[in-house]
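Thanks, everyone. I have one structure to walk through today, and I'll keep it quick.

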Amino acid sequence: MCFTAHPVLKTEFEIEIISSGAGEERTLHRFSLCHKCDTINLSSLISRSEAGVQGNHSPAGVWGKAPKRYKRGNNMRYDVLLCDADNTLFDFNKAEENAFAIACEEMGFSSTPELLATYSAINEALWKLLEQGKIEQSVLRVRRFEQFLAAIHRDGDAQRMCDAFVEALGQQSVPLDGAVEAVRRWSAKIPVVIVTNGIAQVQRGRMAKSELRPYISGMVISEEVGAAKPNPLMLEKGMELARATDKRRALMLGDSLTSDIAAAKNAGIDACWFNPKGAANDKSLPIAYEIASLDEVDAILDGTEGEA
């Protein structure tokens, strides 16, 4: 048994144990997995109320729980659903609009559609650079507001605006129509793991408030992992959380060709493109499934898509 001999080679994870009797009792067990001697050790036992979402994550940049045991080799086509967050499950456009308005107020002026459009264009361009590995996320956080203030010819503290925006965005937990019910159905069949390019403070903050929270088995965030989609490491971390090893039985669901679908290609995993606006696949990326509604995912998981 390994307990402290290989501390650098350990990954910590937590599993929620639900027991029933006179009343349901939930406890959270923290384990460590030693990658050198392949042993799992119980590190501690904490109550669910003490854990909370904010603390329920490992140093490796992944957060996971196992609220139920899934039977491998069941009738499902896949063992795990890796799912993007922004504009796949969450209404990021609405959340961004709300947070931007609060950040503008902090800087002493009011948001307008024109100002939001200017910021959004700058922000999107910088996130594309992050996907390409051309900028660090820590730099991106503030630079977008530096460029925004310069573009509208205003003096101001970009760090202050950044802090106000990030704080406000973490409070925005607006799911897309039908997302909560869809994830609830999927999670009854296989683990659903969020794999997102994002800022940890934002992603964890809004997940803590989200109706999606009970149905999510884990969360992988680029800022904590040190890599961003389309880097396949993000998807591989998600598979680890679900204890899935066969890439043929993993599915990546997302709305972005350059991030989600490209990551699936790089990882050798099937891609499901959520494309409600009917955009063209101008990147010529391999797509196993293209859907306009989240309700279409159920048949894909069941292997019944296309049936009358």
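**Pocket, cores and a few odd backbone spots**

Start with the largest pocket: its volume is about 1200 Å³. Keep in mind that this is a predicted model.

Who lines that pocket? There are 41 lining residues, and those closest to the centre are Asp 86, Asn 87, Phe 92, Glu 124 and Asp 255. Several elements give two or more residues to the lining: H2, H3, H5, helix H7 (200-209), helix H10 (257-267) and strand E9 (270-274). Which one gives the largest share? That is H3, with eight residues. As for chemistry, the lining splits into 15 nonpolar, twelve polar and 14 charged residues.

Stay with Asn 87 for a moment. Asn 87 sits in the loop between strand E5 (80-83) and H2. Its phi is positive, about 60°, although Asn 87 is not a glycine. Buried or exposed? Neither label fits, because its relative accessible area is 22%, so Asn 87 is partly exposed. The cut-off for buried is under 20%.

A second residue has that kind of backbone. His 153 also shows a positive phi of about 60° and is not a glycine. Its place is the loop between H4 and H5. His 153 counts as exposed, because its relative accessibility is 74%.

One more backbone item. The peptide bond from Lys 229 to Pro 230 is cis, with omega near 20°. Pro 230 belongs to the loop between H8 and helix H9 (233-241).

Now the cores. In soluble globular proteins, nonpolar side chains tend to be buried together. Here, the largest nonpolar core holds 33 residues. Which have the most contacts inside it? Phe 100, Phe 109, Phe 148, Met 161 and Phe 165. Helix H2 (92-106), helix H3 (113-131), H4 and helix H5 (158-169) each give two or more residues to this core. H5 supplies the largest share, eight residues.

Look at Phe 165 up close. Leaving out residues up to four places away in sequence, Phe 165 touches Glu 96, Ala 99, Phe 100, Ala 103, Tyr 119, Arg 144 and Phe 145. A second core is separate and has 31 residues, among them Ala 179, Trp 186, Tyr 289 and Val 297.

Two buried residues that are not core members by type come next.

First, Arg 141. Arg 141 lies in helix H4 (residues 137-151). Why call Arg 141 buried? Because its relative accessibility is 17%, and buried means under 20%. With residues up to four places away in sequence not counted, Arg 141 touches Cys 162, Val 166, Ile 199, Gln 201 and Glu 223.

Then Ser 222. Ser 222 is in helix H8 (residues 222-225). At 3% relative accessibility, Ser 222 counts as buried. What does its side chain do? A polar atom of that side chain lies 3.0 Å from the backbone nitrogen of Gly 198. Gly 198 is also one of the residues that Ser 222 touches, again not counting residues up to four places away in sequence. The others are Gln 137, Thr 196, Asn 197, Ala 227, Ala 228 and Met 234.

To recap: a pocket of about 1200 Å³, a core of 33 residues, a separate one of 31, and a cis peptide bond from Lys 229 to Pro 230. That's my tour.

Note on methods: Residues are numbered from 1 along each chain as its sequence is written. This is a predicted model: local features need pLDDT of at least 70, side-chain atom pairs count only at pLDDT 80 or more; totals for chains, interfaces and linings use all residues. Side-chain values use heavy atoms; hydrogens and water are left out. Helices (H or I, at least four residues) and strands (E, at least two) are DSSP runs, numbered from the N terminus. Buried means under 20% relative accessible area, exposed over 50%, partly exposed in between (1.4 Å probe, protein chains only). Contact means heavy atoms within 4.5 Å. A polar contact is a pair of N or O atoms within 3.5 Å; within protein, one must be able to donate a hydrogen and the other to accept it, and residues adjacent in sequence count only if both atoms are side-chain atoms. A nonpolar core is a set of buried Ala, Val, Leu, Ile, Met, Phe, Trp, Tyr and Cys residues joined through side-chain atoms within 4.5 Å. On a 1 Å grid over the protein atoms alone, a cavity is a set of points where a 1.4 Å probe fits but cannot get out, and a pocket is an open set with protein on both sides within 12 Å along at least five of seven lines; lining residues have an atom within 4 Å of a point. Grid points are joined across faces, edges and corners, and a volume is the space filled by probe spheres set on the points. Ala, Val, Leu, Ile, Met, Phe, Trp, Tyr, Cys and Pro count as nonpolar, Asp, Glu, Lys and Arg as charged, and the others, Gly among them, as polar.
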